[in-house]
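Trainee: I would like to work through this structure with you. Where should we begin?

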Amino acid sequence: MLRPIKKQALRNEQADEATYLAHLAAQRNASAFFEKYDRSELQELLTTSFCSWLASKDDMRHPLELPSGLLSQMKSVNTSIAIVLMPVEPGLDLDCREIHQMIRELAVGIYCLNQIPSINLDANYDQSTSCSLPPAYFDTRIGQMLIAVDYMLKALWHGVYMPKEKRVRFSELWRSTMDIDQDGVPQTLKRPAVEFCQAGLIDITKEPEFQGIYDENVNEDPTYNPNSTEEKTFFMQFVDHIILKLTFATTKIQQYEDVFLFDAVYNLSSAIRMTEDHLDAFSYQRLQQRLTLQLKLLKKHLEKKEDIQKNIAYMKLITFLIPFIINLKRKNKVPNLSRLLQPYSDDKVKTERELPPFLLGTDFKCQHFLYAQDQYFHLHGGIEFDIGTPSVEEVSKEVKAAYDEMHTCAINHLTQLLDPDAPYREHYPIPVMDFDGKRYYVIGIELEAFYMLFKSQWWGAINEVISTLKPKRLPLTDTQAMEQFKKRFGYRKAIKCKSLSFGMKSAADRGLAAIFLTFCRRTSINSLAITDDCGYAYIHHAAIYNRVAIIAQVVKLHLTINQKRSIPVSQAWGPTALHLAAQCGSLEALHFLLALRADYQIPDDRGWLPIHFAAYYDNVACITVLYRKDAELIEVETQSLYHATPLLLAAVSGALDSIKYLFSLKANWLKKDGEGNNIIHLAALNFHTEVLKHLIELNNPALPVWKTLVGMLNCESYIRKRMAIQCLEVLCLAKDHYWKCILQAVAQKFLTKGSLPQSPKEVRALERFTACCIAVTGGLFLFLVAGTIPSLINLLKSEDVKLECLTLGVLSNISTHDSIVRAFVEAGGIPVLIKLLSMEEPELLSRCAVFLYDISQLDNNQVIIAELDGIPALIDLLQYDLQDLLVNVMSCIRVLCKNNKENQLKVKEMMGIEPLVQFLRSDSDVLVAVASAVIAEISRGNMEMQNAIMAANVIDPLIRLLRGRKIGVQVKGATAIEALCEGNTIIQMRFLSKSVTKFLLKLLKAMKEQGAVTLWALAGQTLKQQKFMAEQIGYNLIIDMLLSPSDKMQCVGGEAVIALSKDSEIHQNQICEGNGIAPLVRLLRSGRIAEGTLLSVIKALGTMCVGEAHISNPVSQENVVDEGALPILVEVAFSLACIVLKNSNLQSVLQEKEGFGYLDVLKLFYAPDKDIRLRAGYAIAIFAYNNPTQQILILEAGPISIHVFEPLLGSDVETDRAMAAFQ
């Protein structure tokens, strides 16, 4: 980096000598500055220094019209300091030394070398990537920032990352490691994946900031699968021509005297550097759909690392500094480099010239690309700065009021920074001030006069060196040109480049300015305008690839900048360089061409202007530049038949960012094309649901998206119907409330004049649905569905399979809402669906089954579908060999048979059992699981079906299923076994004879509740069989079930305790030793226990305490007491007494049907706890109160001695005495 020359106050006699020494120092610095370049880099530097639109008028030989904004509107700075107010980024602490370094580098790059910073990543023949910085920014901090941010962007895009230190080393070694030959082909047998990963290449999700980023689903279109092999293969055909680029631009510029306030943003966009003869509109839109999803992901995660956040913040400042410094040069001012902090040493600002290739490992998470195993590849993309700005505005009153304070702050800060006695710091903070509720860095830049006759020493020294080097280094020799070609293109293509035409085209594409200059001197001016086989001239290639230095050379030779492409076949005239720059997002080339006064109102062969290209290809930065040039362009129509504006063309291509920007410019959104299509129609006809969603969220009454789509449903055009229904299929899933909007749109149409239902049948249907809406939703969606559903049913009757399929897609997406289903049934839609089941289109049948599945779960629709022969139609579909269809059909059959014995038997009558059992033998786990679930549902509670299914030889495949390793499939199989065994002793014995218990026990040990439920279904109804099953389960698993959060497992655990402990003191004691009482009591106290589990637990506690012949078990009893169960059980007895008090009917029910006895309650009279004795006595007293019958039953259960009450009657507590006396 150019070193500052320290200035000292000089006495007059010292002035001449000091000036001479300073001049020598400047010359040494200038010579050292150029030493960092090798020969080819220096040749590029020298060429671009005078082939630039920043070069002098003598160099350009063409008048220039500078971009709008700060470059043309900036007022003169009449003080020695300029103050820049930069917004503070939350959480970031920027460094003043970094900013001073950037100012120094920009001053040298713009004043001496006529270059502004940018970066392009260009592919080399061996799949490495050239970091194509303007030569002025080689080995600079700005260059490092550009490479770091762009590399992170491409790393996220590809899912691959290598830290900088390892990357730099690998870049030097990878060719020798892989033994790359002159054609870029590796000659080694080593596996590239192993070598690359050993060098430090990793899956970027291994970085803490990026874990799981590719697991996010940013795709909201259920009809599009970006990870399908077909989509990836299609994408890979064009991948070498696709770039992702960042564009930084200022959004606000304000000036007051020498104070500048700005704000800046960046935009991430894609571009496809292919002309329309190689990329048709359909392919472009298909690629954009995939790229849009990728951009969403990258925008979300790009700034996850703090160093990238900081670099982006600095680059926003650079966005302002570029036009600011360019204008300072025009106004003969220059940043005072001696009043900046010392620059970084040269070794600290080394920039990478190349990046090593990327390679995707077999287990890398990113699915954006489809490269072969061990295939390494290059990167492509770049970063640009928009040098145009918005119009310069006045600062606010608050900023003006703080003018003196800002000056003081900036001067004091610079004084402190440059104090020679100040200690060295690792970090140099920047002062901050608050204005208008925002925080701003206050950055002071000292200026000095810059006169062409008395040049600054550093400027003059550099220009002297340039003047000396130009004739020595330019033009190139043949050998030098060939070396550069071979370095980038490999030997074979380099040989072809010996042809002047091919070599110049290659140089124009790649931006090899020195080679292009050399070849220009060897050919005539007329031959430079000759086009290639596709009709493109050199200026067109330069515009496509954003090569400003090439355009400058063409223009200097006085060739027309408005040259059109000559289309070979039609002999028509196509786009100009300006069109192609707008299409490919070549921002600097666009600026340069407009500065050269290229005609932006020349149409191509279709009547499109450059603004139309920019809008269609979603290049917002290019639209911005053209709009600032001429604001009326946003409403200009194409000269073709359609007369489309930029906004309408953006809708055609789905260019959402362009649409948003054009809306912000107040473009006319009501405009229609030559066929009467507005922006909504065009977005729908081209299936751009992201655009439609944006228009919906705008909530603009003038853009009624839903009403427009529904109107397209009812038009005569088939394509409009199809595209409308296709869009509705996606939109109804985009937001939870969108399905209501669809209905509301049709209801509004229905309630307009002439659209109300006319026939009595329609009126009755509308009345029924109105009542339904009031009952279900309180009238919120009154009349909304009445118009939509009939319209959709009419489409289902269209006998057009594609249209019917799309309509069913919409219906199946919104059929989870009860009001939709009820409206469909009321409108007579079920017969239409069942008729469609006879079609032969699998996708249509599958969607039909999905919709019937939702319908079957509501109201009495199971019966209606069965009466209309829906079950036979569904069973006929089981003959297909398509998994998705079979899954949906079987799921529908399952729901139809749930708790419906008649429908279960219809499956048997229609010979549906055999194919279902056959699916249990399928190789597909999905089919096996779904078939098991269906068998469970058609057999549940129906012994006739159980026996019929058993007769179909279901037992062996179900047991084989349990032997597998897929837990999900095992659970479904266990469900089927449970349903088959429920209440059927014969089937239970058949399964037990096959040793099914051991497989279910494995499932139970995995804590799957279905294993427990199935085991207990096999236990049957007899105590002997239940005890056997409980012993098979074992104490430990029983206690684990009681501790489980599952109600079903708790209930089975309670039943197992009852079976084990019934009349068995040994089992009772074993359960106590295994601490089995505690979980029972815990469940007794639970407030969320299921009713069946509660009864099981109470019964289990009682059974645990009584053995054979009603002999009590003291061990169990003491355990129950120790766990605190008695108060709960006493309260149960007291509650029972209150419930049946003075109600002889309930008392009879309690005694006869529920088997209640008083013995257990009487035993509580002898409990050690006084409160328990009191509550037990109170319960008995309530049972006996004024009821001689109950008194006799209590007496028969066991006489009550008076001494039980004596301690209570003598108690010191008055209430205890009162309760004892009552008892």
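Mentor: Helices here are DSSP runs of H or I with at least four residues, numbered from the N terminus. Keep in mind that this is a predicted model.

Trainee: Where does Met911 lie?

Mentor: Look at the helices on either side of Met911. Helix α40 covers 901–909, and α41 covers 913–919. Met911 therefore falls outside both runs, in the loop between α40 and α41.

Trainee: What is the phi of Met911, and is the residue buried or exposed?

Mentor: The phi is near 60°, a positive value in a residue other than glycine. For cover, the cut-off for exposed is over 50% relative accessible area. Met911 has 54% relative accessibility, so the residue counts as exposed.

Trainee: Asn1075 also interests me. Where does Asn1075 lie, and what is its phi?

Mentor: Asn1075 sits in the loop between α52 (1065–1073) and α53 (1077–1085). Asn1075 counts as partly exposed, because its relative accessibility is 48%. Asn1075 is not a glycine, yet its phi is positive, at about 60°.

Trainee: Helix α53 comes next. Is Pro1079 in that helix buried or exposed, and how many Å is it from Ile1039, C-alpha to C-alpha?

Mentor: Pro1079 lies in helix α53. At 3% relative accessibility, Pro1079 is buried. Pro1079 and Ile1039 are 40 residues apart in sequence, and their C-alpha atoms are 7.3 Å apart.

Trainee: Which residue is joined to Pro475 by a cis peptide bond?

Mentor: Start with the place of Pro475: the loop between α14 (457–473) and α15 (478–496). The omega of the cis bond is about -5°. The residue joined to Pro475 is Leu474.

Trainee: On to charges. How many salt bridges are counted?

Mentor: Side chains of opposite charge can pair when their charged atoms come close. The rule needs a side-chain nitrogen of Lys or Arg within 4 Å of a carboxyl oxygen of Asp or Glu. By this rule the count is 45.

Trainee: Which residue forms a salt bridge with Arg597, and how many residues apart in sequence are the parts that the pair ties together?

Mentor: The partner is Glu65, with the closest N and O atoms 3.5 Å apart. Arg597 lies in the loop between α21 (587–595) and α22 (610–616), and Glu65 in the loop between α3 (57–60) and α4 (70–73), so the pair ties together parts that are 532 residues apart.

Trainee: Are those two side chains buried, exposed or partly exposed?

Mentor: Arg597 has 44% relative accessibility, so Arg597 is partly exposed. Glu65 has 34% relative accessibility, and Glu65 too counts as partly exposed.

Trainee: Which residue forms a salt bridge with Asp374?

Mentor: The closest N and O atoms of this pair are 3.0 Å apart, and the partner is Arg191. The pair links distant parts of the chain: Asp374 in the loop between β10 (358–359) and β11 (376–377), and Arg191 in the loop between α7 (164–178) and α8 (192–198). In sequence, 183 residues separate Asp374 from Arg191.

Trainee: Why are Lys505 and Asp509 separated by about one helical turn?

Mentor: Their side chains meet in a salt bridge, 3.3 Å from N to O. Lys505 is partly exposed at 27%, whereas Asp509 is buried at 15%. They are about one helical turn apart because they stand 4 residues apart in helix α16.

Trainee: Which residues are linked with Glu41 in a network of salt bridges?

Mentor: This network holds residues of both charges, with Lys and Arg counted as positive and Asp and Glu as negative. The residues linked with Glu41 are Asp139, Lys350 and Arg353.

Trainee: Which helix gives the most to the positive patch?

Mentor: The surface patch gathers Arg921, Arg960, Arg963, Lys998, Lys1002 and Lys1005. Arg963 lies in the loop between α44 and α45, and Arg963 is exposed at 54% relative accessibility. With 3 residues, the helix that gives the most is α47.

Trainee: Which residues does UniProt list for "repeat: ANK"?

Mentor: The record is an unreviewed entry. In the model, the span is 52% helix and 0% strand, with its end C-alpha atoms 6 Å apart. UniProt lists residues 573–605.

Terms used
Residues numbered from 1 in each chain as written. Predicted model: local features only at pLDDT ≥ 70, side-chain atom pairs only at ≥ 80, totals over all residues. Heavy atoms only, no water. UniProt positions renumbered as here; feature names shortened; annotations may be inferred. Helix = DSSP H or I, 4+ residues; strand = E, 2+ residues; numbered from the N terminus. Patch = residues over 30% accessible without salt bridge, like charges linked within 9 Å, V, L, I, M, F, W, Y side chains within 5 Å. Areas by Shrake-Rupley, 256 points an atom, 1.4 Å probe, with all protein chains shown as cover. Charge placed at Lys NZ, Arg CZ, Asp CG, Glu CD. Buried < 20%, exposed > 50% of the residue type's maximum accessible area, 1.4 Å probe, protein only.
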